[in-house]
Structure formats: C-alpha cells, structure tokens
Amino acid sequence: MKAAVIVFPGSNCDTDCEHALKTVMGMDVQMVWHKDAVLPKVDLVVIPGGFSYGDYLRTGAIAKFSPIMDEVKKHAERGGLVIGICNGFQILLESGLLPGAMLRNRSQHFICKHVWLKTESVNTPFTSQLKAGQLLNVPVAHGEGNYYCDDATLKTLQDNKQIVFTYSNEKGEVNDSTNINGSRANIAGICNAKRNVLGMMPHPERASENILSSWDGRSIWESLLNQAGAVAK
Amino acid sequence: MKFKAKVLVYLKKSILDAQGNTTLHALKKIGFAETESLRIGKYFDLTLDAPSKADAEKKVKLMAEQVLANTVMEDFSVEVLEAPAHAAV
Amino acid sequence: MTTTTVEKKITPEIIKAHGITTDEYSRILKILGREPNITELGMFSVMWSEHCSYKNSKPILKLFSKMNAELPRQEALLVKPGEENAGIIDIGDGWAICFKIESHNHPSAIEPFQGAATGVGGILRDIFTMGARPVLLMNSLRFGDLKQTITQRLFKGVVAGISHYGNCMGIPTVGGEVYFDPCYEGNPLVNAMALGLIRKDEIVRGSATGIGNSVYYLGAATGRDGLGGAAFASKELSEESHEDRPAVQAGDPFMEKLLLEACLELLKTDAVVGMQDMGAAGLTCAGCETASRGNSAVEIDLQYVPRRETGMIPYEIMLSESQERMLVIVKKGREGEVERIFDKWDLHAVKIGEVVAGNDYIVKDNGKIVAQIPAKALADDGPVYVREEQKPAYLAETASLDLSKIAEPKDFGAVLLKLLGHPSIASKAWVWEQYDHMVRTDTVLYPGHDAALIRVKGTNKGIAVSTDCNSMYVYLDPYRGGTIAVAEAARNVACTGARPIGMTNCLNYGNPMKPEIFWQFHQSVLGLIESCKTLEIPVTGGNVSFYNESPQAAVFPTPTISIVGLIDNIENRVPSSFQNAGDLIFIIGETKNEIGASHYLMVEHGLQKGVPPVLDLQREKKLQQFLIEAAAEKQVNSAHDTSEGGLAVALAECCFKSEKGLGAVIDGLELIRGGDLREDAIYFGESQSRVIVSVNSGKKESLIKLAMKYDLSVLPLGKVGGKELVMDKLQVSVEKLKQVFDSTIPAIMES
C-alpha cells in the first residue's frame, strides 16, 4: 500500500505517522510538502496532527489554502482514501471535506490521555477489520477537539452512519460522563458520505506498537492494508 | 485609496461559548456581580488599498467569509472607514 | 529607515542605573582605553550581569569541572561544562545526547504564561542550535501555598504556558516535579529542561570562525521586548517590579518550530560554521560569544536587522530580548543554499555582517561604528567575586528537634490520606495531562513513574530522566540536602533500570550578597559534588538563578537536579507500580529512626524542622548498581524509591498507580521494627537509599542473593493482591487512596 503524509509548517505528528505506517506496518510512505502542487500516485493520504500555522487564526484554517490541498480534494473525489488525525481532522473540516467545525475543549484545557473509543461503524475501509461496538484504547492530545455541527448535519451523520468513533468508557457506555471534550453526540471520528475520508481526533499512530501503552490503533492500519489487498486481488 | 477595516468574529449565538462563560463566572466571583452576559470574539484591525469604500467593504467581507471566520460556527461583522492620510501601513 | 543616537554623556547616575559598580566601570575604561558610549555601556551591563556572567558563582561552579576531571569514563563527556550552550554525552552507536536545564523564575513571577512559555522556548533553542533534535522536555516547578488564589493563578498560568509552547513544538513534556511551599510565595521557580539527540559527528559549535564568512540573522523581528531583561532577572523582585511589565517577552512557538526544522535541515548541508540563539542579552550576547569562542572578530550593521517597531536606537536593538531569533555563521559562497532553506520554511533570513580580522565585536549603524568592544573581554572577562559566607543562625534552631516531644499519631490511615492529599505529594495528572507527553511516540514510561523513559528509535536503547530536589532538606542542611538531591534523582533513574550517565543542575537561591545565602549556595554545591563524585556521574553544565526572594524572605535553597540515564535494552525497563497479584514485596535498604525534615513532620505536626536523613553514599551506589543489575537480569517486576511520605506513601503509590488497582498485604513490618524504631518513622520516615521492589514468587531466592551480593539489607514485606493496602496500623481501600491522591489538585484548581 502506498501512502503520502502531508507536511504543513507546524505539523508535528508527521514523522510519527511515517514511523507507524512505514516501519511498523510496512507501507510505502512518502512525505509530501504542503507547497507541492502534485500529489504522488498513492492509495492513502494522511493529514497528520500538529499545529499547522500555529493554529493562531483557527485550527486548520490556513492549511486549507496550501497548494497540495486541491490535490487532496481531487484524490478524495476520485475515491482515494484520506485520513485526517487531530489537526488533520481540523484541516478536513476547514476545507469542507468533512462537515462540522471544532470548538475548544469543554474543560478549556489541552487534554493528553488515553481514552476509550467505541467503533460505531465498521462499514468503512478504515474499520473493516473491527467488530461493531469494538472498544479501542487510543490516546488523544488536543485543545480543540470539541466537535460541533448543527442539528440537521448531525441527523445526516447519524442517518448515514457516518459517525465512526465515539468517546466511551471501558464498558462501552457512551454518555456525557464519557465525553472528554464536549463533542456533539460524543463524536471522536466521522467519515464522509462516500466513506473514503475519515477524520478523527484520537491518534491511532500513537497506539500502533506493543512497546507503547496500547496498540489498539493498529486495527485501523490493518483494515486499510486488508482493503488494499482485497483491491489487488 | 487606503481604508481601515474592523472585522469582528464571534461564535454563533446558538453555540456554547465556554471561554466566555468561564470569564463571566470569574468576573462574578471577583466582585463584578452585576455582569449579566459575556461572549468572547476576535477582532481584526486591517488596512487595505481599494478604489472605493464599497469595494473595500466587498473585499473585507470576502476575507471574513473565506479566511477570518468559519461560518459553520462563527458570525462576523465588518466596518470600513476611510483611513486618515498619514496612516500608511 | 534611519535611527539616530542622541550622544548621551555617561554620568555616575547612568552607570549606577545599569547596575555597574565603580570598580567594574574602571575595568571597562581599561578594556576600551576610553569612555564607553551608552550602547557599549548597555552591552557591558547585560553581559556582566549575574545572569550572563555568573560573576558571583563562578568560583564555586569551577568545582564541578574539577570534580569531572577526577572521574573515570570522562571521555563520554563530549563538551565541557560551560563551554557551549548545552552539555553533550556519548551514548554509543554514534549517538549522543545534548541536555540542559534553565530557570525562568522572574519572568514567570510577573507573567506566568509567557514567562514559562519563553522559558521552554529558550531551553529548546539551546539544544537545537547545537544540531540536536529535541526529543523531550521536563520541568521543575515550585509555588507558594496552593490555597492562596495568587498561587493558583501562577500555577495555572505556568502550566498553560509550558503546555502551549511544548505542545505546539511537538516535543513531549514527559514529566517533572511540582512542589508547594509558602517560601515560594511571590517568587515561583520555573526550571525547564530539554534533551536532544544528535549524531556524534554532527555537533555544531556556537562559534564564529573563518574571515569573510557571513553572519545571518534568522527568525522573528526585533522589538523592544524585555529590554534589559537579563539585568532584570538579576534583581530582587520588589513591589515595584509589578510595574516593570515591558521586561516580559512573548513567545511564538510556531516561529520556533519553523526555526527548529529549518536549522536542522540547514545543518545537514555543512554550509554552517556556527549557530547561536539570541536569548538573554540578545544580539549583544550572541555576537560576542560566537566571536569569543571562535577567537575572531564579528562585524554587523544594524541597518539590516529586521525590526518590529519604529524608531529603535542601537542601544535598544543590541539589548532587545525578542524571542525566536538566531545568529547563524554561514560559509562564504554558500549563502544561496542557506537562503533557499529559509525560504522553504517561510523564514526571514538576513545577512547582517561578517566574520572579520581581529578580536572585536564591531557594531555599525548605517556604516557608522556605534560600538566596538574586544569580544573576549565582553563575553568572558567579566568581573568575578568571591562573596562573603556565614552559616545562618536559623540552623541552630531548626536542628534542635526533640523527638520525645513528637507524639505518635493515633490513626495511621488518616495520616496516610493526609499525606497523599498534600499538593506536593498528590497526583500531578492535572498538570501533565495538559502537556502532550507522547508526541514522537517514544515515551515508554509516562509521567508519574520514578523517572520518565523514552526509547531511541532504531536502537534498543532508552533514556531515563529524573528532575528532583527536596528543598526543605537543603534548607535544613544545605550540604546533606545537596547530596540527597543528586542521590535521589539518580536513584529514580536507576529504579527504571537505567544507569545514570550525566547530571545538569539549575541552582536557585536568594540574594548572594547576603552571606547566609552564599553559604547555603556553597555548601549545597559541595554536597552535589560529593554525590556526583561517589556515584561517578559527570556534570555537563548548569544554570544559576540568584535573587529569588519575595518581600518576606529568600526561597529555600533549591538546587534542582536533572539526572539522565541510559538503559541498553529498553525491553528491560522497570515500572514503579505493582504488576501482578501474588508478587512478593521487598524493601531494599535500611529504615532508621528518622522523621526530621520529613513531609510527615510538616503535614501532621506543622514543623519544618530537624535534620534530613543520613545518606551513606557508598551504600547508595551499591543500591543503584543492584537496581541496574536486577533490571538487566529481569529480576524485579517493579521498583519504586521511598521519598516524601516514606514507606506508607510509597506502598500506596505502588498500589494505585498499577493499571489494575492492585492492593497489598504488608505483614513483614516486624522485621523492620527491631531495635527501638518509632512507628511513625517506619511508616512515614524518609530514610535514604531505600527501594520497594516486587518480584515473581519464584524469584525470591535469587533476589535475596543479588541484594546480598551488593551487601544490602533486604526484607520481605508482604504480597501484592486484594483491593486494600493493609499494614499493621492501617487498612485503606486502594480506591480511597487513589481518590484522595487524584482529586486534590483538580478540586482546588477547577473550583
């Protein structure tokens, strides 16, 4: 499987994604600078976490104007896979590839800790190897991960089963007490209607190896590799 | 011609403003009990060149829509003034 | 744009306002052979301030280098202390680590968010200007009583500032320590530590060599930030300094992230001769230090210096402390390459001068010389003072602790909960969950263990770091407190299985002109040295912060110690908490009748008195060797040292920090008891060189054998299991212990 990790000024999970996909999962990974006008031919585009342009205006607000983003949009329109993690999710929202926007965490703090995610949809290329309702222990690290959308958008997300992950606890309960940042409907990750673009605040690349505190994040990469294998056949 | 523009960006009324609420709570706590409501926004102060005030207004609105505000969650207002002659950038 | 300097006559008032003494002024006259102008006077004043010149501490700091020279294995020390911006130690396989700790106390007292944030920014620049990629941050924070709203404001601001800067940079803040004591009221301590990784053959020096090479200014534009900030840091904070706000600089972590990436990319090209951060004393310091190290002369013209404000005079430009700026010395003819890289990162790089023949630092403004000073004289030949010392009178009073007057507690369980609920001991998760402590995916032991541990990708190695100082010990016995500070930080590192390989320090004290303060300083440094010598840990450098005084008194003498350790195989790392029900618990090391200077005495009896526990350094060394061998041989499942709160607190931590919330049944206290030990000394005393380990039941014999090999006392205490911590005199559920430990700080900060 071929993947491109987009590097913006201020990206800081770019090398983590590279490590997880290349060294750990064995994908063919290229780093692509945001000023590049051409996206190499890849199956997967990763928009990594960080603080693109310092997040000074709004998270992800300036990155959407980078030349490479037009290419990423075209890639998505062609049905290519895109995953935006943390700041990458914020960039996908700002650039309109996914619906909604991000507010500051309800606590007003940056939050870095392991959380429990409940898999709400296995009908995506990113979650095909997971079981419905499967719980994943994956860390978050963000100050603005409080997902917002209006009622109509939320209904669409729910009707189309575009909510992929929600914040839960180790028992799989999803309620206000398990909502770490105030997101609508405990949303931790959503996909687009075509299901080829996923945005999520938690960091699967930080939970991909046995030596780290969890390796539940691997199942997302395994799903993608499995998908690629199926296509190849 | 040079114009000065003020752009205010604030969260839509329907959205909880947690920063604003925290600040309101703090104000009340330290003795400004009369405070009734408070919302926090962003203020952009910019100078630009445009053929007319109407053009300047149009440009600044575009900036606000496309860059300065995220209209999914934010509203904005724009005010354009003719800049005094010496207020060059 | 042109600037004009009004030629100001140098009067005795102006000299005094710059904090320059009559003797120092005579020295300046001798160096220059004439009167300085105002710009030159300003340059001397910042370079000869305590902050930059260490004029009051140099004779004492020299003792560290002397000690280093007597150590075995000193070849690992790739840069001598004080020689460069940070120390460097060889860790094998072509890799080296570069680390340093520095204070940002006074700026944080005035503006906690920006003060702490720029402290992080400054220490990171010290690391990456040497060519190293920063891989972790740590910090040591001290505040007044957390019940005070002013303390809460400072604490909140400092944590938010560190979080803002470190998180945005994408460098994990992997741990640290936070203490609360009324002595830090109004004068918090904010010490930030950074560590970077570098290939041994890619170390960059902060020196300007090669006549004709270009001097580049890189990064943010210069404003009037922190004018005279370095001098400011060297004055006691008085009521007036609340009016002193412009002395605070604001940080821009995004700019710094670009600088970091651009500099590291640049250094791969070998077009760079030297690099130096413009930190304290800004352009003055960067220019004269690079010239002095390179035995060269540097000439710059201020007309090329990017500015953020209009009408700045040379004096202001030379003394500005605007953040995120660097000076880069580029090989002649390679400028294009360098500019292309800066362009890629949207950075502003301007050639402002050249390396020229001679020894002077020459500053021009539109071609006209506005300052010309021998670089070495400015950078290195500042005045050095040997200050008067006197043993403080309070020590006679604090040392007289009559143990027979201290009643043993009735309810040991209640005392344990009280200790766990003291903000200095309670969980700091509220702090470190605001820090991104896992970005870079190298953090293998999260904050909350005895030391943080990161892996080095591409090798089996791991690096453990601990930052520590029990300043109450140092206050009550500076020498012994100093020895314990090093021993404990090294012990924390050894608990993870890593071998301590280097120490750096940040020495925080009151006004050195007071003989009692200087005595504390001198004695505690002697203590640090004694420990480093015995434990064979080289000192890579340090930082001194004097004048830490509130209107009431000086802070406790606080030599913050950072020990870095190396573990050859990270798979052998040892966590601090219990791992499996059924494991056997042992205490290694002897328990003595020591409650003086303990947190128990302070929290339960309201006394900061007595003398700190005795430290036998030879025994400490053996304990650490034992820990390292036990880890390498996979003998132990957990290792945790006993510190504040003694055995009971340490056991409680081993229980509730375990993922499963394991309890423990301790039925072996009788073995410790022997002799005539007080019960409170057994439960809460802080005897040194003790560690609690847990082992598989099958490894009992081999553990005892290993401890005997190192001539250490080893006593079986009990067994891991159940949902409670049970000792002779207390029985508390792990859930309750954890609840008190976890909720204390959030309850205060989120109300």
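**Exercise 1. How far to trust the ends of chain C**

How many contacts beyond four places in sequence does the model have for residues 229-234 of chain C, where pLDDT stays under 50? Work it out, then set that stretch against the confidence for the chain and the complex.

*Solution.*
- Step 1. Keep in mind that this is a predicted model. For residues 229-234 of chain C, the model has 20 contacts beyond four places in sequence.
- Step 2. Now look at residues 1-6 of chain C: pLDDT stays under 50 there too, and the model has twelve such contacts for that stretch.
- Step 3. Zoom out to the chain. Chain C has a mean pLDDT of 92, with 96% of its residues at 70 or more.
- Step 4. Zoom out again to the complex, which the predictor scores with an ipTM of 0.97 and a pTM of 0.93.

**Exercise 2. Map a five-stranded sheet**

Find the strand order of the open sheet in chain C that holds β1 to β5, then say which strands stand at its edges.

*Solution.*
- Step 1. Trace the five strands across the sheet and you get β1-β2-β5-β3-β4, with mixed pairing.
- Step 2. The edges belong to β1 (87-92) and β4 (173-180) of chain C. Each has a single partner strand, so one side of each has no neighbour in the sheet.
- Step 3. Check the twist: direction ignored, neighbouring strands here are turned by 20° against each other on average.
- Step 4. Pick out one pair. Strands β2 (residues 95-103) and β5 (residues 189-199) of chain C are antiparallel and share nine bridges. One of the bridge pairs puts C:Ile97 with C:Leu197 in β5(C).
- Step 5. Add the helix. α7 (residues 112-128) of chain C packs on this sheet and touches β2, β3 (133-143) and β5. The direction of α7 makes about 25° with that of β5(C).

**Exercise 3. Do the same for six strands**

Repeat the job for the open sheet of chain C that runs from β13 to β17.

*Solution.*
- Step 1. The order is β13-β14-β15-β18-β16-β17, and the pairing is again mixed.
- Step 2. At the edges you find β13 (443-445) and β17 (539-545) of chain C. Each pairs with a single strand, so one side is left open in the sheet.
- Step 3. From one strand to the next, the twist averages 25°.
- Step 4. Inside the sheet, β16 (residues 499-508) and β18 (residues 558-567) of chain C run antiparallel, joined by nine bridges. Across that pair, C:Leu507 stands opposite C:Pro559.

**Exercise 4. Two enclosed strands**

Explain why β7 and β10 of chain C are called largely enclosed, and list some pairing partners.

*Solution.*
- Step 1. Count the buried residues in β7 (residues 272-277) of chain C: six of the six are buried, so the rest of the structure largely encloses this strand.
- Step 2. β7(C) pairs with β9 (residues 325-330) of chain C in the antiparallel sense over five bridges. Within that pair, C:Met275 has C:Val328 as its bridge partner.
- Step 3. For β10 (residues 349-356) of chain C the count is six of the eight, so this strand is largely enclosed as well.
- Step 4. β6 (residues 214-219) of chain C runs antiparallel to β10(C) over five bridges, and C:Tyr216 stands opposite C:Lys351.
- Step 5. β8 (residues 297-301) of chain C also pairs with β10(C), antiparallel over four bridges. Here C:Val298 stands opposite C:Val355.

**Exercise 5. A buried threonine**

Is A:Thr127 buried or exposed, and what does its side chain reach?

*Solution.*
- Step 1. Locate A:Thr127 in the loop between β6 (111-119) and β7 (135-142) of chain A.
- Step 2. The relative accessibility of A:Thr127 is 0%, so this residue counts as buried.
- Step 3. Follow the side chain of A:Thr127 to the backbone oxygen of A:Ser121, at 2.8 Å. That side chain also makes a polar contact with the side chain of A:Thr124 (2.6 Å).
- Step 4. Leaving out residues up to four places away in sequence, A:Thr127 touches several others, including A:Val164, A:Phe165 and A:Ser223.

**Exercise 6. Where chains C and A meet**

Describe the contact between the two chains.

*Solution.*
- Step 1. Count both sides: 33 residues of chain C are in contact with 27 residues of chain A.
- Step 2. Together the chains bury about 2,500 Å², with 59% of it on carbon and sulfur atoms.
- Step 3. On the chain C side, C:Phe254, C:Met438 and C:Thr441 lose the most area to chain A, together 22% of what that side buries.

Key
Residues numbered from 1 in each chain as written. Chains lettered and ligands numbered in written order. Predicted model: local features only at pLDDT ≥ 70, side-chain atom pairs only at ≥ 80, totals over all residues. Heavy atoms only, no water. Pairing = 2+ DSSP bridges. Axes fitted to C-alpha atoms, helices over the stretch in contact; angles between N-to-C directions. Contact = heavy atoms within 4.5 Å. pLDDT = per-residue confidence, 0-100. Buried < 20%, exposed > 50% of the residue type's maximum accessible area, 1.4 Å probe, protein only. Polar contact = N/O pair within 3.5 Å; in protein donor to acceptor, adjacent residues only side chain to side chain. Buried area = accessible area lost by both parts, 1.4 Å probe.
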